[in-house]
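Open the model in a viewer and keep the selection panel at hand. The stops below are meant to be selected one after another.

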Amino acid sequence: MPESIEQILHSARAAISEGNRSQARALLAALVRNQPQNKEAWMLLSEVVQKRDQVIYCLERALRIDPKEPTVRRSLELLRSEGLSRIAAPGRPKKPAESRRPAAPETFRKPGGIEEPQLEAKQFRLQKVLSEPIHKLAKVTSRISIQPQASRKPRSTPITPPRSRATRPRLGDLAQEPELERLQPRKRFNWPLVLGGIILLVIAFLAAYGPSLAPRDPLEENTIIKISEKWEVPPFSPLTPGFPLGSDQFGRDIFSRLLWAVRPTMIMVLIVAAVRLVIGVVIGLMSGWSSGRIAGSLDTAIGGALSVPVLLVALGAIAIVGVELGIWAFIIGLSITGWVETAQQVREQTRIVKGQVYIEAAHALGASNRQILIGHVLKQIFPMTVMLFAFEMSSTLMTAAGLGFLGYYIGGDVWVEVGDFVSRRISGTPELGQMLATSWSILTKPWGMVAVGTTIFMTVLGFNLVGEGYRQSLNLLSVRRRGVVTQISQRLGFWLDQNLWYPLSIFLGRKATRVALAGVMILLVGVGAGRLFWPQIQPILGAVLTPETEIPGDAGLGTVPANDLPNTQTPQSANTLATIVYTPEFSWEFEDPSGFSGGPVMSKNGDVLYIAANDGSLYALHMDGEILWQSQLAAGGVGYPAMDTAGNIYVCDSDAGVTALTPQGEILWYFQSQVASRSVAGPVVGPSGAIYYTITNGSFGYVQAVSPQGQNLWATQANTPGFFQAPVVSPDERYVFLKEDIFDAQTGELVKLQTDLHVLRYFSGQDGQLYLLSGNTILQWRPNGDSVEITDMAEWDSSGISSQNAPSEVGVTAKGISWMLYTSEGGDTTLYWVSLDDKYLGSSRYKVTRGQVIARQDDYTTFICGGGPMDNYDYAECGALSPQTQDPLWRLPLGDHGLVQGGVWRDNHLIVSTSQGKLISIFVNQSQSQANAPTAAPATRVTKPDNPGVVWSYQFPESVGKVPTITKDGTVYALGLSETLYTLNPNGTLQDTLTLDPKPFVLEDPWGTRRIVIMPSVLPDGTMLVVSEEQAVYALDPNGALLWQTPLEDEPYSIPIVYGNELIIIDKHSRLYAFDSHGLRWQFRSQAAPNTASNPTIGPDSVIYYTVTNYSKGFIQAVSPDGRPLWTTQTHTDSFYDSLNLSPDGNLLFLKGDVFNTQTGELLDFNVPVPVDEYITGQDGHTYLRSGNVVSEWRFGPDGFEILQTANWDYQNAVNSLPVSTIIDQNSVIWLNYREQIVWLSLDGSYLGSFTFHDRNVVMDYYDLANTHYLECQIFRADKVLECNTYDPGESEPIRKVTIRDLPSFDFSFLEADGFAYFVSDDHSLYKLYLGEP
Amino acid sequence: MIRFIARRIIIIPFALLIVNFLGFTYAHYARPLRAARTPYVRAEEAGPLLPAYLDYLETVTNLDFGLELNLPGSRSGPSAMGETLLNATKASLGLISIALVLSVISGLFLGLRAVHNEPPGVSRWLTLVSTVGLAMPSFYIGSLFIMLSVFYVLSRGPGTSMPLPLDGFGWDAHLVFPTLALMARPTVQVAQVTAGLLSTELGKQYITAARSLGHTWRSIRDKHAMRNIIAPIVLTIASMLRLLVGELILIEWLFRWPGLGRLLAWTLVPAQLTSSSGSPLFLNPPVMAAVLTLIAALFLMSDFISAILVRLFDPRLRRPESESYNA
């Protein structure tokens, strides 16, 4: 404000006296808009306005400010009475139809109209001045005559309707008076406010009642549904019955999810917007009010915040804070710079107010800054807040949506325990951001994205419209104080003044004068309210967040081998320990044929072992394996025995009973639980002597508590589904834990302790503290009232661990060191040690599956036993792991005696029991030596192309898939974990790398047990085609540039086939696609049946055959090379999921026992005299059939079907099963593969020889059909040796042996022709081996 | 004026250096912090900051940054970071300038179309368009484009190729979708501001005077009114850039445009949401510092240019500068 009020008034008076009324009017109009409470200005304005009703209005305003002003009152009365008829009369004939005024919209289109306010923030600046040409004005005031008037209101009232309507401004006049129109506001339909209000009402309704309206459970998954005879798999399309908006990829109803999602999102947005508003108002107030350095620095802050995109800052902040913090992450992220627009507007307004005279007057009257801020400034700003809040809501939602799109959404993710070993991270919370984040997965099925995007768009639109509407109504605020909102806000302001601010200011006294305090208070109140209501909000969010129903169907995903564990190098690597050599050896064995139910336990003084067997025997043994006594339980033993302080032994049995015995083997008492039928694990004894054990009736688990005297204490049903383990008693015996369930040890009640964590299990450490496991972190806790209070946690970087794994076993040692064991069915076993003061002590990795901790030594050395490869449940081995070395200190195979059940460690003896009834004692000898350090040096890489050995090796920078693609010319394609495709030249050098984005599609078998990545296919011209996870095919030129992209209509069914210049892809719903380097050539869908049943087979004439099924019948579909249907025939056999075979000439197609004519599609009936198990195409170009163990050659000649020769051999004495596969090689030798052995026959039936697989360690084998050899290799991991033997038909001994030494450890390998083998080692190196010409 | 320019030119390198340092510091400390909170990021202890930063600065001087980037979606394989950054800057700058120019042109066009001369005012349709436009998140518009093209292809049956490429990089048809999605909000905002300012300007007295002197509306608009509002429009355009950079992250992410926004998203978006393993770029200090510096340079340059332009267009802003110079 450059001039003071007085100056303006002065110049206005001067202008009036000079006769320059328009200038005076301009000055005064501007003044009253800033200073609606300035009586003087209103009175002066009344002298210069042109219309009578304008005069009345000005006078009324003046009168309202000072009701006692006599001149004004008199003038007004005069004007209202007589002046009315005299002045208004001439106007009347001009506009007889004034009552139609609201129906004439074109006159409303003024700068002050709806469009005007879009000048953001500018409406507060009041730059406009009256710019009307000077009119000759009648001296309206001189014509005033007196007549009493009841109404004090300036405009129409019910009391004088006709008059007041008549006194309104004329339409024509107003058109020339744009500025004064503002002084004479009319009722204007505020459509943005109404429209926005309607939208917001709908949104509010959805937020409040959406969840109860949802037709389905938002978390309910549907793997398949049937719609009028057709089976549909998710994602279902919109308008599918029951799924109005379709479903997501888990088959969850998007409509219901949307209804649920609005509430948490709106609550989040509401809280964040409120915080932003509060911060913005406080900063804006301070910046606008203060001066000097503070103002300067605040201005800089506002300027700085304005210049950075909010999304960028929010991303950065949430990245560092982590979404795990929940709403706080969003409050922080979105509020760092999000307040700036509010602050800017508030600052402008504050500055305008600050320049007013009444502020000066207030200062002069001795009001403190605080009083002025509250009494004047805040009062002026308060009406703005509704508008600001609406815009704040819309921009918060917009940014939150952007964040959600990038994958940051509130609620984060949920850990779901799929199995005992496996947890899987899933995002189930129906929340708009989350729905956005996960909806964009399939290119051709974008309805999730569209539905969520539209909801967000509508909500933002609603808030924008409401803000816009308020802005319009606010524009007139300074002169029109009659709007409902204005009146309410005025009254509210007055009420606040009277009842809150004034008493508050008295209460606070004069000391609290700082504006900052007010700001801090507002901030505190805002944040506090959020915090206060959080418990109310949280259950709403929480109800949605609970992952209980969220267990995904494809549990197999979880069994990802932990191959990507970090190669964390501990500082003191290996060498310090390498001086000690451990040599484990067997010392004694004890056997019980029924098998042991659990491990042995050791008596207090460590000289007696107790162990229970499956048949109910309880043994007491000396530490040297000598049996002391044997006792018989009531039923089969279950789990470990337990011991109390007196040395009494407690054993559970399979009848849900528990037997107590003296150390001498006499039975003290027997208790049998009545609530369930069997025990699942051994008992535990609490400090009081009470015994707790877990029992089950098959579907539910219970914890049974028994008194030391054998009386029933309590039995409570457990909530946890993972109850197959013994309970844990807390050190003070207050609680009993079973996984994530807590029982009160006295009453048996299930205790519900509140916690924000997703607790996987509660347990107690050996240090006597309580712990819990959440995700990959162990936290120390104590009960605090009815909630869990976290006192410490072992923080560590578990990033290298697959996010789908949770530790299978955890514990805390007496010194507060936590350990976690990760293991899986197919992968290996890794043990991590992390101290509670967040030091990562190390990890150790042991290549066994299903590893379990058997015993521990005080120096953290841990003894682990585990099993063999995937399906071998007989093999077991044990080893010792130390945090100082990455590999086991020692390891010892136990042989095929079944899984290890448990064990004890004492005096360098590890005594373990197995499921097949062996109790084995291993003596571990430790000697000092430099040689044979257990940590192996990296394998030497020798290049010996002429001799058997490693041809080359290439180390990839990251984990790569175990099965690289190798083309015929020896080029290798390997896909890394970061979706990088590495191309290696045939000589083992890196040719190229290419990052695939989007990443390739992963095929899953229906049981979810295997996942196969569809590797990119390279066409002969070098174009690379990738089937992406978005169900699209895209092409890259040899330089990696994207050529084109085409969506597939459904998921691929199998690995695509490169045929000629084309890539043939088959999808799950009987569609074929043929792509070449220019894009999709054709697409075909079988009309015979909706589902694909087999991979396509391509005949010599390029015809494609594949099987389709409607689940009950199978059909063969033949498709011409250009994508036209040729024929369809129903199969006779039920094994239509088998692969198709073509006869060598391509005229016949075989599917198990069916034969089809490839030209006509006819199912041929040969009247074969024997039952045909399988038709075989020989490598020698002849056709064969197998009936049982007998193979015959046949042909389809001019005389019809004809058996040429049958290889009759004496199979009764040689084999006792049917062959699993049959091959006839180029030399017409028949290979019958009987899983355990291969039998070679010649066509005349003579037995050429056989080879028996006696060892399960065969890692690769190869039927060298060209040379009629069989090559098999075994790996001896401990010796790092690969041994390969070549067998020849007719020879019982291998004709050739190759041994390759010094290989690194690896899992999986494969052989190629010409004697080359490849494998990927554990350190991500690809080795090419040459095994020699057979 | 010269003094003003000189002062700005001196300030810019310092500001960039500060941004660079802050970006580096942020990522340097955020990485382990973040790793401690979540089980997904592999991170080392945060070493002392200054030596690490100095090491980094040394690599900057060689322009290779001593780092090879394996940017997902980029051309084959790891490339030197300098080169990657250069390409990303080119890609982003190109996209953003095309979008900015087009949206300014279309925004001005719309805004001018919406303004009435007599009486001065703004058409309602512009309010409608701008309210809807401002409520549409850019990625939503982008995903609508993608959906429409996919449905087009699926409806036309096999063999149809995409009318326009959905993603990837290229100075051709690849530009269409990202540009259109980026343009929506700036266009309506420019249109709104232009229309609002112009209608206010047309209500002023000198316009009436010019009209009474017999000037056509066209000449009044072009010669007088537009000149008076050009300065605030330039400022609006500069602030549009800020909006565009924010949107750039989303749009480049959606359309896989290998620019700075996507690079920044790779450094800020946690890996497990985007790929099976970790993104090597997540909170990578050198990359973060470099990308932020480049984005800051973009801001500062646009601010600088707009400040000069505003001064050129609006003589009122020049005066105090020259006065102080004279004094």
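The tour starts with conventions and confidence, then moves through chain B and on to chain A.

**Before selecting anything**

This is a predicted model, in which local features need pLDDT of at least 70 and side-chain atom pairs count only at pLDDT 80 or more, while totals for chains, interfaces and linings use all residues. Residues are numbered from 1 along each chain as its sequence is written, chains are lettered from A and ligands numbered from 1 in the order in which they are written, and side-chain values use heavy atoms, with hydrogens and water left out.

The model has an ipTM of 0.85 and a pTM of 0.51.

**Stop 1: chain B, coloured by confidence**

Colour chain B by pLDDT (the predictor's confidence in each residue, from 0 to 100). The average for chain B is 78, and 81% of the residues score at least 70. Of the elements in chain B, helix α6 (residues 176–202) has the highest mean pLDDT, 89, and helix α11 (residues 315–326) the lowest, 51. Now select residues 39–43 of chain B: pLDDT is below 50 there, and the stretch has 25 contacts in the model beyond near neighbours in sequence. A contact means heavy atoms within 4.5 Å. Residues 320–327 of chain B are also below 50, with five contacts beyond near neighbours in sequence. Where pLDDT is low, the predicted coordinates should not be read in detail.

**Stop 2: chain B as a whole**

Switch to a cartoon view: chain B has 11 helices and four strands. Helices (H or I, at least four residues) and strands (E, at least two) are DSSP runs, numbered from the N terminus. Of the 327 residues in chain B, 55% are buried; buried means under 20% relative accessible area, exposed over 50%, and partly exposed in between (1.4 Å probe, protein chains only). Among chain B contacts between residues at least 6 apart in sequence, 69% join residues at least 24 apart.

**Stop 3: a nonpolar patch on chain B**

Select B:I98, B:V101, B:L102, B:I105, B:F169 and B:W171, which make a nonpolar surface patch of about 550 Å². Patches are made of residues with over 30% relative accessible area and no salt bridge; like charges are joined within 9 Å, nonpolar side chains (Val, Leu, Ile, Met, Phe, Trp, Tyr) within 5 Å. Accessible areas come from the Shrake-Rupley method with a 1.4 Å probe; for residues, only the protein chains shown count as cover. B:I98 lies in helix α3 (residues 81–114) of chain B and is partly exposed, at 31% relative accessible area.

**Stop 4: salt bridges**

A salt bridge is a side-chain nitrogen of Lys or Arg within 4 Å of a carboxyl oxygen of Asp or Glu. By this rule there are 20 salt bridges over all chains.

Stay on chain B and show B:R8 with B:D303, which form a salt bridge at 3.2 Å, N to O. B:R8 is in helix α1 (residues 2–37) of chain B and B:D303 in helix α10 (residues 285–313) of chain B, 295 residues apart.

Then go to chain A and select A:K918 and A:E589, where the closest N and O atoms are 2.8 Å apart. A:K918 belongs to strand β37 (residues 918–928) of chain A and A:E589 to strand β5 (residues 580–591) of chain A, so the salt bridge ties together parts 329 residues apart in sequence. Which of these side chains is buried and which partly exposed? A:K918 counts as buried, at 12% relative accessibility, and A:E589 as partly exposed, at 44%.

**Stop 5: hairpins in chain A**

Two strands pair if DSSP finds at least two bridges between them. Select residues 770–774 and 777–784 of chain A: strands β24 and β25 run antiparallel and are joined by five bridges. Two residues separate these strands in a hairpin, and A:G775 in the turn has a positive phi of about 65°. Extend the selection to β26 (residues 787–794) of chain A, which pairs with β25(A) in the antiparallel sense over seven bridges. In the hairpin of β25(A) and β26(A), A:G785 takes a positive phi near 65°.

Move on to β35 (residues 900–906) of chain A, joined to antiparallel β36(A) by six bridges. Here A:D907 takes the positive phi, near 50°. In strand β36 (residues 909–914) of chain A, five of the six residues are buried.
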